[in-house]
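Please look over the model shown below. The questions that follow deal with its domains and with one of its sheets.

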Amino acid sequence: MTVPTPTPAPVAPVTTHPAAAVVARGVGKTFRTRSGEVVALEGVDLTVAAGEFVSLIGPSGCGKSTLLRLVADLDEPTSGELTVFGKPPRVAREGQDYGIAFQQAGLLPWRTVRANVELPLELHGVGRRQRAARATELLEMVGLGDFAGHLPGQLSGGMQQRVAIARSLAERPSLLLMDEPFGALDEMTRERMQTELVRICAESGAAVLFVTHSIPEAVFLSHRVVVMSARPGRISQVVPISLAATASRTDGTREDSAFFADVTAVREALHGGATAARGVDLR
Amino acid sequence: MTAAAVRRWLAPVVLGALALLGWQLFVQVSGVKPYLLPAPTAIWTQLVTVWPLVWRSALATGTNVLVGLLLGALAAVGAALLAARSRVVDALMSPTAAALAVMPIVALAPALNTMFGTTTTTPRRLIVAVVVFAPVFVNTLRGLRQVLPVHRDLLRAYAATPGQLARTVTVPGALPYLFTGLRIASSTGVIAAIVAEYFGGLQNGLGSRITAAASSSAYARAWAFVVGAIALGLVFYLVTLAAEQAVARRQGAP
């Protein structure tokens, strides 16, 4: 409704990166535990285009977080091939091609909110003045400009999570990896954060790989929702979201009939994947 | 002072006053010999008389404690940093710390006196350092191992070097544990410094004065120095406790 952004065309981000943000080909991950081998992921094929918002949804143990960790190079795949902007994940991580946020805000409790947002910039040798300017800008963006000097312990869970998101955006990444970042928030805060994230992503043109448990959340945020099933973790279906362009999604979108139609589509894919896989395949 | 603070201080002060009163009455009524147990009033009189000497002795012993505490803590933190980084060092250091923790200062003091001579404070400071090492080492090492998985993942995502990980996450995270170790070590450090003076050498500290007064049958005077020793122990305990709480508050603890 009220979008005062002077950004010209939404086509721009796609052309800045010729390579897709994430390409997975037959990716698998097997964990060795004391009680034997556990197949967390098997035969995952997925492409996330530059500037695209893709959610991973599925029951616990379907490997959605594992897939995200593989993309982030926090773990290594045991099979298949994975590239991030055409590079191996390790090279992408060392080149700081992505920003990351977890379910826990993971702020350093002894650093002020500002110093937490500045952390990645500080680690990568950005000068003091530039760091301060960027942190101010980001904290304004997540609505915490007045809390720059506070310690994380003085903030609510929702505010801490906003700081974590500001931190993940500090280096203007072209890819955002988010592992249930709103999982621990109450419903009201959660919806507000989703609306904010949609706006931020539209502004920055970053691709997003977003892990969630919530169907409405996945539908509201995404261009495509990847539905996964467990044991072994694999992609059971990809549901394209037919809603309006993500940039124009607002709170009103949640009451749109198209929104409900997409929620239903994802729910059926999710439940079909567990009970009647064949029926889903025919759709 | 707020009502809550008054209530917190009132109970122990009243208890202490009652105990002193009971002590005084017991000594007067039972007629117990002064060399067995002097009356609080007699001790107080002595304390006022020898006050300059108590103060100087407390300063001398206090300096030994402070130097030993810093030496022992520095060594312990250095060892903990190495042990946290390498399994081999850990396997070497942890048994050493355990051995130091159970080492009797009563046995160590005469040995160190012989090594360094009796005209120097070095053996006393070393004894404090030895006593301080174990609690600081064990606590700091535990703190260094407390890195949250989410912080580890985050710093890996940032491609942080091991040095950066230590500077931004591991070491700041271990600070509260280090200060807990210091608080525990400070009391035992004071006791060790005083006991170390019982085995000859310089006659400038509280421990030396207590033994000297006792050996010349000036029991009330010996007790006056004991009061000084209690005060010295309390000072070290309260200062390290305040530091521990200040650090914990800074880390977001309630």
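Domain bounds here come from an automatic or database domain assignment. This is a predicted model, in which local features need pLDDT of at least 70 and side-chain atom pairs count only at pLDDT 80 or more, while totals for chains, interfaces and linings use all residues. Residues are numbered from 1 along each chain as its sequence is written, and chains are lettered from A and ligands numbered from 1 in the order in which they are written.

Q: What separation do the centres of domain 1 and domain 2 of chain A have?
A: The assignment for chain A gives domain 1 as 22–97 + 173–276 and domain 2 as 106–171. Taken over C-alpha atoms, the centres of these two domains of chain A are separated by 25 Å.

Q: Which helix gives the largest share of the side of domain 1 of chain A that touches domain 2 of chain A?
A: Twelve residues of domain 1 of chain A are in contact with twelve of domain 2 of chain A, contact meaning that C-beta atoms, placed from the backbone, lie within 7 Å. The largest share of the domain 1 side, five residues, comes from a DSSP run (H or I, at least four residues; strands are E, at least two). That run, residues 187–204 of chain A, is helix α7.

Q: Which strands of chain A are the edge strands of the open sheet β2-β1-β4?
A: This sheet of three strands has antiparallel pairing, where two strands pair if DSSP finds at least two bridges between them. Nine bridges join β1 (residues 22–33) of chain A to β2(A). The strands that each pair on one side only are β2 (36–48) and β4 (79–84) of chain A.

Methods
Two residues are in contact if their C-beta atoms, placed from the backbone, lie within 7 Å.
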